[in-house]
Amino acid sequence: MNMAISFFVGCVTFVLMMFVKLPIKKINYKLATRVVDNEEEKQILYKKLGLDPAADHKGAIGIVTVSPSETAIIAGDIAIKASGAELGFVDRFSGTVILTGTVSEVEASLSAITDYVQNKLGFTVCEVTKT
């Protein structure tokens, strides 16, 4: 009996979806980026992020925050392919990507990420900031 009810509800839902046009709110996708090139700030951030300043220190830290958070995986992929920047951290649950490298490597990666998500995915992209 429960299977018959489930089947009926599924059929009704399908028919409603096919013939009733419901307004769907557009989701706004967002990307925020930042380059950190300040020595004191970097040393503190390296320790707080769990990165080894001696091994990972190359000049700059790039921070990407993206929503929906799964896009962090795409951003990380684009970042390492765009330049010699390295991934320090990727979190698909919070939408955070941390990049390390020279200032030019980090900026090139952030530029590639922002171009891709804005032009291909239709995201709203914030200006890249730098300290």
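Student: In this predicted model, what is the handedness of the crossing of helix 4 and helix 5?

Tutor: The crossing of helix 4 and helix 5 is right-handed.

Student: Why are helix 4 and helix 5 called oblique to each other?

Tutor: The axes of helix 4 (residues 71-82) and helix 5 (residues 103-119) cross at roughly 130 degrees. Angles over 145 count as roughly antiparallel and 65 to 115 as roughly perpendicular, with oblique for the rest outside the roughly parallel range under 35. The two helices are therefore oblique to each other.

Student: Which residues of helix 4 and helix 5 meet?

Tutor: Thr71, Ile74, Ala75, Ile78, Ala79 and Ala82 in helix 4 meet Ala108, Ser109, Ala112, Ile113, Tyr116 and Val117 in helix 5. Of the residues in this contact, 10 are nonpolar, two are polar and none is charged.

Student: What makes a set of residues a nonpolar core, and which residues have the most contacts inside the largest one?

Tutor: Its members are buried residues of nonpolar kinds, joined through side-chain atoms within 4.5 Å. The largest nonpolar core has 15 residues, and those with the most contacts inside it are Val35, Val64, Val97, Leu99, Val106, Leu110 and Ile113. Strand 2 (60-67), helix 4, strand 4 (96-101) and helix 5 each give two or more residues to this core. A second, separate core has five residues, including Tyr46, Leu51, Ile61 and Ile98.

Student: How many of the 131 residues in the chain, as a percentage, are buried?

Tutor: Buried residues, those under 20% relative accessible area, make up 27% of the 131 residues in the chain.

Methods: Residues are numbered from 1 along each chain as its sequence is written. This is a predicted model: local features need pLDDT of at least 70, side-chain atom pairs count only at pLDDT 80 or more; totals for chains, interfaces and linings use all residues. Side-chain values use heavy atoms; hydrogens and water are left out. Axes are lines fitted to C-alpha atoms, for helices over the stretch in contact, and angles run from 0 to 180 degrees between N-to-C directions. Helices (H or I, at least four residues) and strands (E, at least two) are DSSP runs, numbered from the N terminus. A crossing is left-handed if the near helix is turned anticlockwise from the far one by less than a right angle, and right-handed if clockwise. Contact means heavy atoms within 4.5 Å. Ala, Val, Leu, Ile, Met, Phe, Trp, Tyr, Cys and Pro count as nonpolar, Asp, Glu, Lys and Arg as charged, and the others, Gly among them, as polar. Buried means under 20% relative accessible area, exposed over 50%, partly exposed in between (1.4 Å probe, protein chains only).
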